[in-house]
Amino acid sequence: MQAWIDTLLHLLALPELGLSTLFVVSFISATLLPLGSEPALFGLLKLNPDLFWPAIAVATAGNTLGGAVDWWMGYGAHKAMDHYHRSPHHLRVLDWLQRLGPKACLLSWLPLLGDPLCAVAGWLRLPFWPCVGWMLIGKFLRYLGMTVGLLYLFPN
């Protein structure tokens, strides 16, 4: 068992498989699981500063695809929960999201709120591709801003 765990950790080691590991971590962190991809991105860039733009692109792609999975999970949950009784607060939030439409997915970068927001967009059956496009923009801006800020604060 220990050999299997060591092999798995070896395969996921940042210096050896940095971009693929970053993709997996970014994808998983965009689902409803509590995992942050920012430390993986920052660590990779501290080890390989020349990978700045590829790392931003890979983290954005992984996180966006994870958001798309959240959308589909929400879409499936809607079908399963049609008989759910809604509270007035839920109705106000759902009304706000329906009025805003796919542009609400621009907020998918927000910690704690962004991933469930993607699921709710699917639950509301907002158009898939516009939602993914807004997720892509929001997540790209988050990774770019966060990475530039961290590299500025911790240059060495």
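On the surface of this predicted model, V24, I28, L33 and L35 come together in a nonpolar patch of about 310 Å². One of these residues, L35, sits in the loop that links α2 (18-30) to α3 (38-47). Its relative accessibility comes out at 39%, so L35 lands in the partly exposed class, which runs from 20% to 50%.

Nonpolar residues also gather on the inside. As a rule, nonpolar side chains in soluble globular proteins tend to be buried together. Here, the largest nonpolar core counts 16 residues, and the ones with the most contacts inside it are W71, A121, L124, C131 and M135. Four helices each put two or more residues into this core: α4 (52-80), α5 (88-100), α6 (114-123) and α7 (128-153). A second core, separate from that one, has 13 residues, among them A40, L45, F52 and V58.

Back in the largest core, A121 is worth a closer look. Leaving aside residues up to four places away in sequence, A121 touches W71, C105, L126 and C131. W71 and C131 are, like A121 itself, on the list of residues with the most contacts inside the core.

As for α6, this helix is mostly covered, with 8 of its 10 residues buried. The buried set takes in G114, D115, L117, C118, A119, A121, G122 and W123, so an acidic residue and two glycines are tucked away along with the nonpolar ones, each being under 20% relative accessible area. After α6 comes R125, which has a positive phi, near 60 degrees.

Key: Residues are numbered from 1 along each chain as its sequence is written. This is a predicted model: local features need pLDDT of at least 70, side-chain atom pairs count only at pLDDT 80 or more; totals for chains, interfaces and linings use all residues. Side-chain values use heavy atoms; hydrogens and water are left out. A nonpolar core is a set of buried Ala, Val, Leu, Ile, Met, Phe, Trp, Tyr and Cys residues joined through side-chain atoms within 4.5 Å. Buried means under 20% relative accessible area, exposed over 50%, partly exposed in between (1.4 Å probe, protein chains only). Contact means heavy atoms within 4.5 Å. Patches are made of residues with over 30% relative accessible area and no salt bridge: like charges are joined within 9 Å, nonpolar side chains (Val, Leu, Ile, Met, Phe, Trp, Tyr) within 5 Å. Accessible areas come from the Shrake-Rupley method with a 1.4 Å probe; for residues, only the protein chains shown count as cover. A salt bridge is a side-chain nitrogen of Lys or Arg within 4 Å of a carboxyl oxygen of Asp or Glu.
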